[in-house]
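The exercises below are meant to be worked with the sequence and the coordinates side by side. Try each task before reading its solution.

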Amino acid sequence: MFAPVIPIDQIAAEAQKVIRHLVRSGHQAYLVGGCVRDLLLGRTPKDFDIATDATPSELRELFRNCRIIGRRFRLAHIIFGNKIIETATFRANPREDEETPPTDELYIHRDNVFGTAEQDARRRDFTINGLFYDLSAEKVIDYVDGLDDLRSHSVRTIGDPNVRFREDPVRMLRAVKFAARLGFDIEDQTYRALLSHGKELEKSPVPRVLEEIFRLLRGGAAVESMMLLRECGLLEVLLPEIQPLLSEHPGLLDPYLAEIDRSVGRGDVPANAVLLVMLFLPQLQSLFEADGKRGAAPLDLISDALAPICHRLRVSRRDVDQAKHLLLLQRRIAQARLRGGKLPPSLLHREELRPALALHAVVYRVERQAAGADDVTIERELAAWPFPGPFQLGVDAPSGRSEFAPERESRGTDRRRRRREPDESAPLPAQPRVSAVPGKASSSGDDEPLLDEEEAALAAFVAAMRSSRDDD
Ligand code: ATP
Ligand code: MG
């Protein structure tokens, strides 16, 4: 239970400033959406969003630190150092203006009609996301019966779910996300609509769907999210590449997803490439073994698993590249681990090394758990690995490379980083670029740089992925 009052010290000072300035200037301004929901549930909001009757141009007049963003629907970012308070003018559901909508074309193509506070609440997706908080009155404004649903832990669309899901099918994924993350139930009618309209997801823009998949995986409740997706039939629309395997072995991914959740819980949020790889770990297991065959075979395996999904969902080149490298490093890590030896110096600069080690640890932990080992034993075994921890899945984790890469070899680091993060505006090379592997001459007994043929095959693979995407 909660009292619908939010202690002022829980509200970011910057958001308070924006609201107070707007109200002093004669405008309405409220906290809205996820932050009100989370604060009432005693959770820490990701960010603080504000809705107001001030137009974007009025916002620009009122705030010097204001940047207007968005082409279709303009909203204001009010900037305080590295904190941004997103401030949007009240909007209406565009269909409210129209006569009776044609029943077969509900999909909303435009979303740029200003409205009143109440209209703004009603155009939102779920009742628990439609609450406003009036800072000066210290009161929740509830146009949509969201407080009741927040109390009864229920995810319910605002209005008819059959209409709201067809207007924007991504809302179905959001229903799953909030239910899984908050531990809420999906209200009956809303759930039945989920069962009926899954196919409509195919109408949604692919980048939004992809982003929502990543959000489901890194929302801290990946196990629960995948279970719900499977139950309501969305998995076969969303991830047909893994759905058949999971319907045969429903719990197959759970131990890996649980590792993602554990990691997110520690504040170590896996990058997209890691999440992508995790979905295919059961198929890619053999890459984690020390005695796998060299040459093209691992790449074939990687390609078979990842290419279809990367192509269909137009995964960014950077993420595809990173996923490949994460996987290609596995056998080398396995070899070094079994020898109790060091990693080849040529690998020390790879920015994927840290998440690759963490991924290796995940697979190891899951295998040992399956063999009946207890957590203490597994942690002891991991601590004895000859690699410096902590093993973090986040590619962009702070202090990323430095721990592994000695200063004097930083030239190699730069080269590799440049190669993997090309200027997006630069034309793509016609031929895959195959680079010489630095440090080869200095190889000690332990130093086995990534094989030239591996590099070459990888480059060709990436080039093939690129051109298949360019065909679209
Ligand atoms: P999170 O904690 O994941 O950020 P959130 O509720 O803040 O959750 P956002 O995606 O940040 O979700 O969106 C902010 C608000 O905008 C939501 O709370 C909801 O009111 C509204 N909203 C977002 N997406 C939609 C949508 N597809 N349809 C209708 N309203 C939406
Ligand atoms: Mg939010």
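The model is predicted, and its secondary structure comes to 21 helices and 11 strands. Of the 472 residues of the protein, 36% count as buried.

**Exercise 1.** Trace how strand β2 is paired with strand β1 and with strand β5, and state the direction of each pairing.

*Solution.* Begin with β1 (residues 29-32) and β2 (residues 49-52), which run antiparallel and are joined by four bridges. Within this pairing, Tyr-30 has Ala-51 of β2 as its bridge partner. Next, turn to β5 (residues 83-89), which runs parallel to β2 and is likewise joined to β2 by four bridges. Here Ala-51 is the residue to follow, since its bridge partner in β5 is Ala-88.

**Exercise 2.** Identify the residues with the most contacts inside the largest nonpolar core, and list what Ile-50 touches.

*Solution.* The largest nonpolar core has 104 residues, and those with the most contacts inside it are Leu-31, Val-36, Ile-50, Val-176 and Val-277. Leaving aside residues up to four places away in sequence, Ile-50 touches Ala-15, Val-18, Ile-19, Ala-29, Tyr-30, Leu-31, Val-32, Ile-85 and Thr-87. As background, nonpolar side chains in soluble globular proteins tend to be buried together.

**Exercise 3.** Describe the shell around ligand 1 by residue, by class and by domain.

*Solution.* First, list the surrounding residues: Gly-33, Gly-34, Lys-46, Asp-49, Arg-124, Asp-125, Asn-129, Gly-130, Asp-168, Val-170 and Arg-171. Sorting them by class then gives one nonpolar, four polar and six charged residues. Finally, the shell draws at least three residues from each of domain 1 (1-152) and domain 2 (159-250).

**Exercise 4.** Locate Asp-145 and Arg-314, each of which has a positive phi although neither is a glycine, and assign their exposure.

*Solution.* Most residues other than glycine have a negative phi. Asp-145, with a phi of about 60 degrees, is placed in the loop between β9 (139-141) and α5 (146-151); because it has 14 C-beta neighbours inside 10 Å, it counts as partly exposed. Arg-314, with a phi of about 50 degrees, lies in the loop between α16 (296-312) and α17 (317-339), and its 15 C-beta neighbours inside 10 Å make Arg-314 partly exposed.

**Exercise 5.** Decide whether Ala-370 is buried or exposed, and relate its position to that of Pro-255.

*Solution.* Ala-370 lies in helix α18 (residues 353-370). It has 9 C-beta neighbours inside 10 Å and therefore counts as exposed. Although Ala-370 and Pro-255 are 115 residues apart in sequence, their C-alpha atoms are 9.2 Å apart in space.

Conventions. Residues are numbered from 1 along each chain as its sequence is written. Chains are lettered from A and ligands numbered from 1 in the order in which they are written. This is a predicted model: local features need pLDDT of at least 70, side-chain atom pairs count only at pLDDT 80 or more; totals for chains, interfaces and linings use all residues. A residue is near a molecule or strand if its C-beta atom, placed from the backbone, lies within 6 Å of it. Ala, Val, Leu, Ile, Met, Phe, Trp, Tyr, Cys and Pro count as nonpolar, Asp, Glu, Lys and Arg as charged, and the others, Gly among them, as polar. Domain bounds come from an automatic or database domain assignment. Helices (H or I, at least four residues) and strands (E, at least two) are DSSP runs, numbered from the N terminus. A residue is buried if 20 or more other C-beta atoms lie within 10 Å of its own, exposed if 12 or fewer, and partly exposed in between; C-beta atoms are placed from the backbone. A nonpolar core is a set of buried Ala, Val, Leu, Ile, Met, Phe, Trp, Tyr and Cys residues joined through C-beta atoms within 7 Å. Two residues are in contact if their C-beta atoms, placed from the backbone, lie within 7 Å. Two strands pair if DSSP finds at least two bridges between them.
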